[in-house]
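Hi,

Here is the structure I promised to send over. Have a look at it, and then read on for what I found.

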Number of protein chains: 2
Amino acid sequence: MEHILSTEPYKGTRDFYPEDMAVQSYIFETWAKTAELYGYERYDASILEPSLLYKSKGAENAEMVNEQTYTFVDRGEREVTLRPEMTPTVARMVAGKRRELSFPIRWYSIPNLFRYERPQRGRLREHWQLNCDMFGVQDSASDVEIIALARAVLMSFGATDAMFMIRINDRKHMEKLYREIGITDAEIVRSLTQLNDRKNKIDHTEYVQNIETILQNHKLAESVLHLMEHATLENDVTRGLRSLGIAVTFDPTLARGFDYYTGTIFEFGDTNPENNRSILGGGRYDNLTAMFGGEPISGIGFGMGDVTMHDFLISHNLLPKEVTVTAPQLVILPIEPVYNIQALSIGESFRKAGIRTAIDYSDKKIGKKISIAVNRGTAYVLVVGEDEIAQNIYTLKNLHTETEEKGALDTLITALTKTRA
Amino acid sequence: MEHILSTEPYKGTRDFYPEDMAVQSYIFETWAKTAELYGYERYDASILEPSLLYKSKGAENAEMVNEQTYTFVDRGEREVTLRPEMTPTVARMVAGKRRELSFPIRWYSIPNLFRYERPQRGRLREHWQLNCDMFGVQDSASDVEIIALARAVLMSFGATDAMFMIRINDRKHMEKLYREIGITDAEIVRSLTQLNDRKNKIDHTEYVQNIETILQNHKLAESVLHLMEHATLENDVTRGLRSLGIAVTFDPTLARGFDYYTGTIFEFGDTNPENNRSILGGGRYDNLTAMFGGEPISGIGFGMGDVTMHDFLISHNLLPKEVTVTAPQLVILPIEPVYNIQALSIGESFRKAGIRTAIDYSDKKIGKKISIAVNRGTAYVLVVGEDEIAQNIYTLKNLHTETEEKGALDTLITALTKTRA
């Protein structure tokens, strides 16, 4: 007797049954369509990457890679990581063909990403993400476009501006503001940014204490707190967005984690208080390709996860009720298995006309076969038995309208093709 | 100074730049369309699977899993494998919802699969595969359909019957033929099947010697050799295929490796002698869900790899010359960066009309911007400068026909929308 295996997927991953996959495909296809509308071209790469791609930024990164990613050593003694994010990969690809590519380039991808979460947190270990990036242009119009594109992606699902808010910040602007109140040390700026990144996870008292600790100067700490509450931003990016009718809120505490951001950073949040999560985020990174040598290539982009996207759609009731695009339109029902091959042959004729057709070869009773077709969301059924074959007169039943049409196969195929057009 | 990283992908994997991705997407979309035409619904799962899923069939399998797959232990002491094939995963999913699913079901997926090849062989460590499977029906019509579907997939790329040949075998039929010449020991049958699986890798003398070694009986060995050369197959599957006009060749030496096949097995081969490889293969497995407990559920399916598919298309010159579906249709060219935001705003109008539009924000000269657009395969460009904005008269250039049209933006958008329809 063999050991009985569990049918559960690996911890922190999901199975996509056809009904789940239909939703996932709807999200992916809408993502792809909008990115292509903005002139972005699709790319992809392997989920396996040399670990060095994530560790190159020093010991701190190396530790994070070992602790928070799937990293292992292969038999060739190469250290391999399942990609935790796509930006290092796309930077690698762009740097690898920098001489052949005609900049500016617009690229998008829908990769799956992996992170090694502690099980108790209950977060997923594998998720998908839309990544859109533009390379080779520093003009503020590209910052405006990438934010307009992110907004357009939400709009393409039927969202309205009231459903989300766009927060924006600028690393260079923050450096300038810090300089104006007397903070010039890059390490201190970095510590303040890291603190802001954790701001929502700690209470205000702790936040204030941390600022005092970083600055070791009460007056300076008060200036920083004042800045966080009252600073403003007015630049080419905010003006460009305003000219397109896109409202953004400046948030000097917006940090977006990644060290590699160098200019504009932004984040879209759900305005529904029941879904208090960031929907997407991104920013400009002007030095990321530098780790591959050569002159740095400017990049700006964003990432949007499938889980947060799905939560947003649910939160605003934007998910269409019927996302069963791949269900067959017609199911052919042989009365008995002896007519199965004949039914298959009839099915071929409907398929030639472009009609998604399945055949129920089981030995179930006709009534049972019909109820399975109904449950699957199929619109039409066609019964095949001795009389039908002998006379070439078939009955095409519409399960939705409960009407039917009788006729020769050719007639019914033509009728069904017209109905679909 | 940071260490300079390589821009190469991880060994045995591929980067898909937009031009490669366009080909890959063309293959995937054609696969998906044909599978859906036959009523198959898409599913997916994580690439991470518990290693037990592949090891459950005994020590021999366990060794193969350790040596030929990416298998590692996670921090929860779980052994994890990057899936080397999709069939165990789909069997797990079907078994997991056996009570809710209405059989028969038709499912397809386009998973990426991983194998740990020895580097010197030069084979890829990651590839994609179309997997189509039908569950819950044993009637021979399902065997016929799955072979008809595999053929239809090739036809949907423009292939003709002359470009491939279909070899078929049947494990149960072979057992009967072996029994008729006096071989009843299941272990011996298994050894002969395993030998046939290696047949193309050894010469005829070695093949004959191996048969003698397995049987330890010269006369029986001669009977087996005679059987391999002269046996025939005539059953419901071959008759059904013939009634659909699908020619197949019975090959008693066809083995298809996997132990889990129990009935019909088949393989499509390229008839072009320069591409001497199997294009796809599959078969019936009636016991695969049994490892999850409960009554076994019959399954039949096939897998078709992206690399072999691509080789087949190249071998028969079937790959369309222009597979650049995602390239923007229009590129807007601001004469100077000061017009970038205006150009972006104009771009939004074209996008609202469904036209894939990009804008060149770089500070390159107009001539250079046009030549980049030409290289990218873009059909139209629109120049934006002071005069155009002041007069609202723009020039839409068709780069393919070298014609142009002048007019207000609305007029040009309408014209371009009509051209596309």
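Chain A lands on chain B after a rotation of 180 degrees with 0.0 Å of shift along the axis, and the RMSD of that superposition is 0.0 Å. That is how two copies are related by a two-fold axis. If you want a spot in chain A to look for the axis, try Phe72(A): its C-alpha is the nearest one in that chain, 3.6 Å away. Both copies use the same surface, with 100% of the contact residues of chain A recurring in chain B. Do keep in mind that this is a predicted model.

Now for chain A by itself. You'll find 15 helices and 17 strands in it. Its radius of gyration comes out at 28 Å, whereas the globule rule gives 22 Å for 421 residues, so the chain is more spread out than a compact globule. The C-alpha trace spans about 95 × 60 × 50 Å along the principal axes.

As for the inside, 56% of the 421 residues in chain A are buried. Take the contacts in chain A between residues at least 6 apart in sequence: 66% of them join residues at least 24 apart.

On the outside, chain A exposes about 18,600 Å², and 49% of that comes from carbon and sulfur atoms. As to charge, I get 48 positive and 59 negative side chains in chain A. Where do the centres of the two sets lie relative to each other? They are 1 Å apart.

Cheers

Note on methods: Residues are numbered from 1 along each chain as its sequence is written. Chains are lettered from A and ligands numbered from 1 in the order in which they are written. This is a predicted model: local features need pLDDT of at least 70, side-chain atom pairs count only at pLDDT 80 or more; totals for chains, interfaces and linings use all residues. Side-chain values use heavy atoms; hydrogens and water are left out. Copies are superposed by least squares on the C-alpha atoms of residues with pLDDT of at least 70 in both. Contact means heavy atoms within 4.5 Å. Helices (H or I, at least four residues) and strands (E, at least two) are DSSP runs, numbered from the N terminus. The radius of gyration is taken over C-alpha atoms; the globule rule is 2.2 Å times the number of residues to the power 0.38. Buried means under 20% relative accessible area, exposed over 50%, partly exposed in between (1.4 Å probe, protein chains only). Accessible areas come from the Shrake-Rupley method with a 1.4 Å probe; for residues, only the protein chains shown count as cover. Lys and Arg count as positive and Asp and Glu as negative; His and the chain ends are not counted. The place of a charge is taken as NZ of Lys, CZ of Arg, CG of Asp or CD of Glu.
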